[in-house]
Structure formats: C-alpha cells, structure tokens
Amino acid sequence: MIQAIERNAGSDKSPDAVPQVALRGISRLYDGGAIAALRNVDLQIKAGDCVAIVGASGSGKSSLVNLLCGIDYPTSGAVLWEGRPLRTRQQWARLRRLRIGIVFQEFNLIPTLTALENVELALLGRGLSTKRRHTRAAVVLDRVGLEPRMHNLVTRLSGGERQRVAIARAIVNEPKLLLADEPTGNLDSVSAANVTDLLFRLREKTGMTLILVTHDDALAARCARRVRIRDGVIVDDTSQAIVARTIGPKAAT
Amino acid sequence: MNLVGLALRNLKRRPVRTCLSILGIGLAVGSALALIALSRSIQDSTREGMDEIGDDLVVMQKGASDIFGGFIPEQTVERIAAIPGVVRASGELVTFAPSSYVNSVLTLGWPDTSYLWKKVPLREGRVPAMGERHVAVLGDTAAASLGKKVGDDLELIGETFHVVGIAAYTTIVNRGLVLVPLTDLQEASYRPRQVTVVHVNVEHGSGRTELAPVRAAIEGLGNVVASTANEVLDNDRNFAILEAVSLAVAIIAVAMSALNVLNALVMATQERTREIGIFAAIGWSNARIMMSIVIEGVLMCVIGCIVGVLLSFLAAFAFPRIPAIGNLISFKPSVALIAPVLMAAFVLCILGSLLPAWRAVRMVPAEALRRM
C-alpha cells in the first residue's frame, strides 16, 4: 500500500530534493488580524506530487491555494518556488503564465468569449503567432474532449464542459504545477467524475504536480498525499505519516 | 483572439454605454474643431477680404487694439501719399453701423477721390459720383440680408442712404460690406476729418525688402504704424481674444471627451473586476492588463474622433447655408486644424484610460476573483 502511494506520488521523492513549492511560516490575516485564515503554516510540495488539501468549509483551504499560486499575498511568512522566495507580483505573474495552471470551482471563464478564445487568452504574451495560439488551444481542447464545441460561447456550455474549458486553459501552457480548487464543487456527479478522471489522467500523462482542494474525502483518497486543514492550521499530513512510518519516528520529528 | 479583439468584444458587450461614450467624445471633438475653425475662419475671412481690397500696407494709429480702435487725422493720408515709393494711399473709416433692419453692418467710408472706389467689382448700379452724398454701395450678401436693391433707401446710424450699386466681391467679409462716402460716415459717427486706417500701395511689389523703407518713412510721421494685412490681423486684440476663448473652450471640450472615456472605463473595470482577476490568475502581467483597458479607451477615442471630424465637416457644410453665420464667416476644417485637436483628444483619452487601468492592476487577484 505504502509502495503504491509512493509510486503514485511523483518522480522526485528523495528527502533532500528541493521542494517545487513551499510555504514557510505563512499566516494570512484579514480585517486587521481579526480573522486568521492561516496561522503559521509550513508546507512543502515536491515536483510530481499529487496532494489533496482537505478540510471543512472556511478551514483555510482556498487561502492556502491562493498563496501557493500567488494570487494572494501572505500577511507574514514566505512562499518559495524551487527554493527561491517570490516577492513581486511580476515574478508571480510570470510563474502563473509559464509554470502554474489554476482550475477554479467557479470556472472563471470570460463569458463573452468562446471556449477556444478563453483558452487562447492564457497564451497571450507567450510570443506566439495568432495561428499558433489558435492551433495550440484547439489541440488542448481536443485533449479534454471539447473540440466539437470549441467555437461555442462558454455561456452555451454545460457546467462540466465549462470546467473542461477551464482545465484546458490551465494546462495549455504545459504547467509544472496544476492547482484545482474544488473543481467539482459546481458539477453534478457524472460531470464531477468526468472532470476528476480528466485531471488525474492529465497528471499521469504529463507528470505535473497536482494540488487538489476538496472537501470530498473519496476524491482526496485518489491522491497519494492528503493535507488536512482545520481553523487555518495543518492538522494532518499523510506524507509526514508515510515518512514517519517508513524511516522511523526519529527522522519524522 | 488578441487584445484589440478582446477590447472590441468588451465594447460590444455594453452597446448603449459604448455608443453614448463615443457620441460624447465625438461631440466634444466636433465642438472643439468647430470652435477653433470658426475663430480661425473669422481671421481668414478678414485676411482674404483685405487681400481682395489689394493693400501692400495698412497704416493704423500706434497702439490701436484693432482696426476699429485707432484714429488718424485725414491730413496724414496726404503725407503718406507723398512718401517716395508710395504709389497711392487712401483713408478709410471703419465702423459697425447700426441699421434699422439688422443689428449692425460693417460699413466703410472712402473719400470721393479714393482709388478704392475704382476697384469695386460692381454687379449692378454704379459707385458714388464725385461730391455725391448719402449714397451707398452694398456687398451682395449685405444687400440680401438688408433686403435692399439699387434704388432703395437704407438707414444707417440714423441717416438715410440711397443705394446706388451692388458689389460682387468674392470674400465673405467684403460681400457683407456697406460702402459709403467718407464725409457722410465721418459726420454720422462724429469723427470729422478722421480715418481709422490708411490703405497704401507701394511701388515695386510687396516684398518685405521693398516695403521696409516705406514702412520706416510712414512710421517716421509719428503716432502711426504700418503693417501688412497679415500683421494687422496677427496683432489684432479682438482676434487674439477670440482665439484664446475658442482655444480655452476647445480644451474644455476635449477634456470632456477624456472624462467620458474615464467614466466609461471606470465603470467597465468596476463591473469587470472579476475578469481582471481572471487575467491576473492566468498570468497576465500588469502591463498587459493595463494595455487591455487602455486599448478599450483608445478604440473609443478613435471612433469618437472619427465621429467628431465627420460632425465638423457636417458643420462646415451646413454653416454657410445658415445666413446668420454664412454671411459673416466661412468655415473650413483643415488637416492643420484637425491634427492638433485629435492629438490632444488622444493624449487626454489615454490619460483617462490609465487611471482605471492602474486601479485594476492594484487589486489583489484573489480579491478580484471573489467579486461578483
């Protein structure tokens, strides 16, 4: 069982490897400190990991993900990408453009654009010609099974199809890290299963890191590592348990 | 899909607001162009009128603010005529004379012996005979607006003048003139033996070099200044005030167009906060996000400017057909006139777009995404 999890968990599992992304002593406070979404959180995620972040609504999962991809900024602490702290908006924007894909529960697509155009948006600023952008977006939409509907406005698509457009947009730049924040939260059970299968299939093919935020334990169970958050604090991290069980309690502490 | 396509799509998404904003820019640019063109055309019309009379030099009282403002003793005309190099000189009294038919008409008084009478392009009738009193020659548009023809009587400054001729000048200003004997106008306007300007023709062309010694000699007579027609208009205080007022109103009008863009884009960016959050989330740089908003402003400005220029051409076409305007001035939009107005509109519209763009990129993406 442990070996199976380890195999699924990704390519670089050596304890000395530099984490792909790491949170170091992160706190995120709102309303001048009245509300603490995250409190002194430390988390390391290695390249190729498949991590489920689980917790109840309001536990701080989304805040954690927002900080991991730099669309929000910590009140204190540091976020490190491949060992280097990221400080400026421009650094984060570049990283999201080239290395990080994000899938939101709310899809966050531009309603006035077609599926193809929504995906193309993520390719602007990559120095590609219009034709190449178009082709690349079409190929990715084909990969997520939406090629026949790529010229439809996204408002004309079902919830499941919209989420697949969002996934296509997230992966069109071949990210190293894919963050999915409750990707099935707004979908019916059939669409949810399809979208989940798609995410895991893409991860298997590309070897990218997948961070999946969910409150669904069954979905979380498909990930090798599960990080549980409660009241802004990580209360359980299966990888540490795995390490503890593999190399002994001394090393784990 | 590119930034321009995206901006166009966003503009089409709010057709009423976009159209109203564009119309606002168009009206502002059109008003600015019309105002400046009108002020310039008044100057140009006057210049053309003076050219048609055919002066090399115009002599005015030193320090006179305009052609109506200074007075020169009539005997100075003879002294000017006696200066070597001067072919001929004629005094002229200029005034806006109240008439019982319209508010006032531009009236010129010329001496019986003036060479200027010989140059009047008569359409019908004749010029005043030597020593003839209380007669008038009307420009054709003046005759039309006063409703007068040869043989009618005309009331000017409380005196009755018999219309003896209609002149067919080609310039707008001269077509609206009333020409009367100098003595009659001097008496009626209580300016006995005074003229306001002296027209001078100089021997051997009208080059600056040829004119220089004659100018010096005329100015040597004291208390007068000799200028070319262009210089007279350039130094005319009325025209300077008119141009300054037109420019100020034009600047306000163009600033209004920038406010239109600012207003439209501030509302658009507020409504599209979430979209801006999406752009940030998929890795767009601040510059690209700002650019997407500024392009929207520029597109509105481009279309608005086109509408404004079309409106100004429409005004140029329509104004000459309105007697109250067309009888007094010509209205000619030109590239030299349009280019600076459009440039000012562009710069202001871009500045107007930058504020909402800057506000957009200051937002934390996660917060922007939470907005509805």
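# Briefing: the contact between chains A and B, and selected features of each

In this predicted model, 28 residues of chain B are in contact with 28 residues of chain A. The two chains bury about 2400 Å² between them, with 56% of that area on carbon and sulfur atoms. On the chain B side, Met1(B), Arg9(B) and Ile282(B) lose the most area to chain A, and together they account for 25% of what that side buries.

**Contacts between the chains**

- One salt bridge is counted between chain B and chain A.
- Arg9(B) forms a salt bridge with Glu117(A), and the closest N and O atoms are 2.6 Å apart.
- Ten residue pairs, both members at pLDDT 80 or more, are in polar contact between the chains.
- The elements of chain B that each give two or more residues to the side touching chain A are helix H1 (3-13), H10, helix H11 (286-318), helix H13 (335-362) and helix H14 (365-370).
- H10(B) gives the most to that side, with six residues.

**Helix H10 of chain B**

- Helix H10 (residues 273-281) of chain B is largely enclosed by the rest of the structure, because nine of its nine residues are buried.
- The buried residues of H10(B) include Arg274(B), Glu275(B), Ile276(B) and Phe279(B).
- Gly283(B), just after H10(B), takes a positive phi of about 100 degrees.

**The loop around Asp152(B)**

- Asp152(B) is located in the loop between helix H4 (140-146) and strand S7 (153-156) of chain B.
- A polar atom of the Asp152(B) side chain lies 3.0 Å from the backbone nitrogen of Lys149(B).
- Apart from neighbours within four places in sequence, Asp152(B) is in contact with Gly147(B), Phe161(B), His162(B) and Val163(B).

**The six-stranded sheet of chain A**

- In chain A, six strands form an open sheet of mixed pairing, in the order S6-S7-S8-S3-S9-S10.
- Strand S6 (100-103) and strand S10 (233-237) of chain A are the edge strands, each pairing on one side only.
- On average, neighbouring strands of this sheet are turned by 20 degrees against each other, direction ignored.
- Strand S3 (residues 50-54) and strand S8 (residues 209-214) of chain A run parallel and are joined by five bridges.
- Ala52(A) stands opposite Leu212(A) in S8(A).

**Helices on the sheet**

- Helix H2 (residues 61-68) of chain A lies across S3, S6, strand S7 (177-181), S8 and strand S9 (225-230) of chain A, and runs at about 140 degrees to S3(A).
- Helix H7 (residues 189-206) of chain A packs on the sheet and touches S3, S7 and S8 of chain A.
- The direction of H7(A) makes about 160 degrees with that of S8(A).

Notes. Residues numbered from 1 in each chain as written. Chains lettered and ligands numbered in written order. Predicted model: local features only at pLDDT ≥ 70, side-chain atom pairs only at ≥ 80, totals over all residues. Heavy atoms only, no water. Buried < 20%, exposed > 50% of the residue type's maximum accessible area, 1.4 Å probe, protein only. Helix = DSSP H or I, 4+ residues; strand = E, 2+ residues; numbered from the N terminus. Polar contact = N/O pair within 3.5 Å; in protein donor to acceptor, adjacent residues only side chain to side chain. Contact = heavy atoms within 4.5 Å. Pairing = 2+ DSSP bridges. Axes fitted to C-alpha atoms, helices over the stretch in contact; angles between N-to-C directions. Buried area = accessible area lost by both parts, 1.4 Å probe. Salt bridge = Lys/Arg side-chain N within 4 Å of Asp/Glu carboxyl O.
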